[in-house]
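I sat down with this chain today and kept a few notes as I went. Here they are, in the order I looked things up.

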Amino acid sequence: PMYLGWAVRNLIRNGVRHSRTKVTMTFSPGTDTFLIYVDDDGPGISDHNHEKIFQPFFRLDKSRSRASGGYGLGLAIAKRIIEEHGGEIGVTSEPGEGCCFYFILPAGSD
């Protein structure tokens, strides 16, 4: 359970780093699964980068330093944790419209 908390934290931190004014987290429980959504109103991500952002060390803005944007590990770590718990992670986004990161996990997952 501690690692799932890290995954959520990484998604929230990512949203805060890239949002203009707000980040919203939504929990949606189901019978067999549950979903968590983290929405931000930042610049968004183009479709061709949706898979790349979950790769270790990939960063959209190559000019960022560690102080301003990290190493590009937060989303990769979140993906690994969620998949190790039998879940899936993804993103929907429109450039200029923000992002919605989401993950789905089996109910009762530790």
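**Ground rules.** Before anything on sheets, I wrote down that two strands pair if DSSP finds at least two bridges between them. Helices (H or I, at least four residues) and strands (E, at least two) are DSSP runs, numbered from the N terminus. I am working with a predicted model, in which local features need pLDDT of at least 70 and side-chain atom pairs count only at pLDDT 80 or more, while totals for chains, interfaces and linings use all residues. Residues are numbered from 1 along each chain as its sequence is written, and side-chain values use heavy atoms, with hydrogens and water left out.

**Overview.** I looked up the elements and found 3 helices and 4 strands. Read from the N terminus, their order is α-β-β-α-α-β-β. For burial I use under 20% relative accessible area as buried, over 50% as exposed, and partly exposed in between (1.4 Å probe, protein chains only). On that scale 37% of the 110 residues are buried. Accessible areas come from the Shrake-Rupley method with a 1.4 Å probe, and for residues only the protein chains shown count as cover. The chain exposes about 6700 Å², with 54% of that supplied by carbon and sulfur atoms. I then turned to contacts (heavy atoms within 4.5 Å). Among those with a separation of 6 or more, 53% are between residues 24 or more positions apart.

**Strand E2.** Which strands does E2 pair with? I found E1 (residues 23-29) joined to E2 in the antiparallel sense over 7 bridges, and E4 (residues 98-106) joined to E2, also antiparallel, by 8 bridges. The link from E1 to E2 is a hairpin of 3 residues. Val 38 gave me a handy marker: its bridge partner in E1 is Met 25, and it stands opposite Phe 101 in E4.

Next I checked the faces. In a regular strand the side chains alternate between the two faces of the sheet. Along E2 (residues 33-40), Phe 34, Ile 36, Val 38 and Asp 40 point to one face and are buried. Thr 33, Leu 35, Tyr 37 and Asp 39 point to the other face and are not buried.

**Tyr 37.** I stayed in E2 for this one. Tyr 37 counts as partly exposed because its relative accessibility is 26%. Leaving out residues up to four places away in sequence, it touches Thr 24, Met 25, Thr 26, Ser 28, Cys 100, Phe 101 and Tyr 102. The C-alpha atoms of Tyr 37 and Cys 100 are 6.5 Å apart, although 63 residues separate the two along the chain.

**The core.** A nonpolar core is a set of buried Ala, Val, Leu, Ile, Met, Phe, Trp, Tyr and Cys residues joined through side-chain atoms within 4.5 Å. The largest one here has 21 residues, and those with the most contacts inside it are Leu 11, Ile 53, Phe 54, Ile 89, Phe 101 and Phe 103. H1 (2-18), E2, H3, E3 (88-94) and E4 each supply at least two residues of this core. I followed Phe 54 further: beyond four places in sequence, it touches Leu 75, Ala 76, Lys 79, Ile 89, Gly 90, Val 91 and Phe 101.

**The loop after E2.** I looked at two residues between E2 and H2 (66-69), namely Asn 49 and Phe 57. Are they buried or exposed? Asn 49 is buried, at 11% relative accessibility, and it touches Phe 58 and Leu 60, not counting residues up to four places away in sequence. Phe 57 is exposed, at 58%. I also noted its positive phi of about 70°, although it is not a glycine.

**Salt bridges.** My rule is a side-chain nitrogen of Lys or Arg within 4 Å of a carboxyl oxygen of Asp or Glu, and the count comes to 2. Lys 79 meets Glu 83 at 3.3 Å, N to O. Arg 80 meets Glu 84, with the closest N and O atoms 3.4 Å apart. Lys 79 and Glu 83 are 4 residues apart in H3, so about one helical turn separates them. Arg 80 and Glu 84 also lie 4 residues apart in H3. Lys 79 is partly exposed at 22%, whereas Arg 80 is exposed at 57%.
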